[in-house]
Amino acid sequence: MNHDHDDLDDLDRMLAALPLEEPPAGLHARIMAATTLRPEPAFRGWEVWLVGVLFAVAAWLTWIVATIPRASERIVDTLLRAIDHSGLDSEYTLLWLAIGASAAWWISQLSVPASLRERLRIR
Amino acid sequence: MGLALAVELPPVEAPVVDDQALIIATLAGQTDAFGELVRRYERAVYNLALRTLHDRTEAEDATQEAFLKAYRALNSFRPGAKFSTWIFTICYRGCCDRLAKRKRLSGDELPDRADPSAGPEALAERNDEARRLRAAIDALPEKYRTVVTLYHLQGKQYEEIASVLNLPLGTVKTHLFRAKEQLRKALSV
């Protein structure tokens, strides 16, 4: 619905004629500097988190190995037991894992046409 | 013999690109396209922030923040929607957050902050129509001032105002009616 012009009175005309105030001179440059002209960060947020977590885990493991006697042997034992329990030593499990990884890689290589992407995005 | 013809051609105007095309171009990495969007709406967004916040410095910051948020969320902009409504909504929400922060910091409900540029001399100069009208709009309660700003100063439609302010259509019409009544009284129109 647009403005009703039939009930325009003096106030409406005054309002319509009121000019907008000019923004400060440097505002456009400031907005552009904060958006499109801003340099890309070297790392994305999730990359920084991932590297941080990996470093923390590595430091934790190093500290365990350095302070607890025979820690490395116990860690290896624990890992081997976990592999036994999960069935990763079975040829069939490994085969299915390989099929799953191949399928995931193949799907990641598929390209979707732009028109279909747009339709999916609208939905 | 040379024949000199002085033909005055009309100036060639560049075709006006719509907002949707500018958004697509921005997403494709064309920085100029976003610059054009900013150019189109910075004045309106700044005026909305200024009328809502009553503070030029804060209005400038709120305008920059609104465009920054829009730029970061441009991927999520729904095709077919109006960019103006979207950017006004972002700006208005940012202004509401700033007003809420002001109230929190003061510990009490404060009247709207006075415009620092409106000193005694500036107020004395408000004798012409536009200045009187601006002063009257500034004196309105915030909810009325924003509706008047969106409706009259930026040519918005009722539905868009309702969308920006997240208010029912009827409330927008009521606010506008009451705001105009107060303005009429203040201006004796």
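This dialogue looks at the contact between two chains and at two backbone angles in a predicted model.

Student: How many residues does each chain bring to the contact?

Tutor: In this predicted model, chain A supplies 23 residues and chain B supplies 30 residues.

Student: Which elements of chain A give two or more residues to the side that touches chain B?

Tutor: Those elements are α1 (10-17) and α2 (27-34) of chain A, and the largest share of that side, six residues, comes from α2(A).

Student: What classes of residue make up the side of chain A that touches chain B?

Tutor: Sorted by class, that side of chain A holds 16 nonpolar residues, together with four polar and three charged ones.

Student: Turning to the backbone, what sign of phi do most residues other than glycine have?

Tutor: In general, most residues other than glycine have a negative phi. In this structure, Arg70(A) has a phi near 55°, a positive value in a residue that is not glycine, and Arg70(A) sits in the loop between α3 (45-67) and α4 (71-86) of chain A.

Student: Is Arg70(A) buried or exposed?

Tutor: A residue counts as exposed if 12 or fewer other C-beta atoms lie within 10 Å of its own; Arg70(A) has 9 such atoms within 10 Å, and is therefore exposed.

Student: Where in chain B is Asn166(B) found, and what is its phi?

Tutor: Asn166(B) belongs to the loop between α8 (158-165) and α9 (169-187) of chain B, and the phi of Asn166(B), near 55°, is again positive in a residue other than glycine.

Student: Why does Asn166(B) count as exposed?

Tutor: Asn166(B) counts as exposed because it has 10 C-beta neighbours inside 10 Å.

Note on methods: Residues numbered from 1 in each chain as written. Chains lettered and ligands numbered in written order. Predicted model: local features only at pLDDT ≥ 70, side-chain atom pairs only at ≥ 80, totals over all residues. Contact = placed C-beta atoms within 7 Å. Helix = DSSP H or I, 4+ residues; strand = E, 2+ residues; numbered from the N terminus. Nonpolar A, V, L, I, M, F, W, Y, C, P; charged D, E, K, R; others polar. Buried ≥ 20, exposed ≤ 12 C-beta atoms within 10 Å, placed from the backbone.
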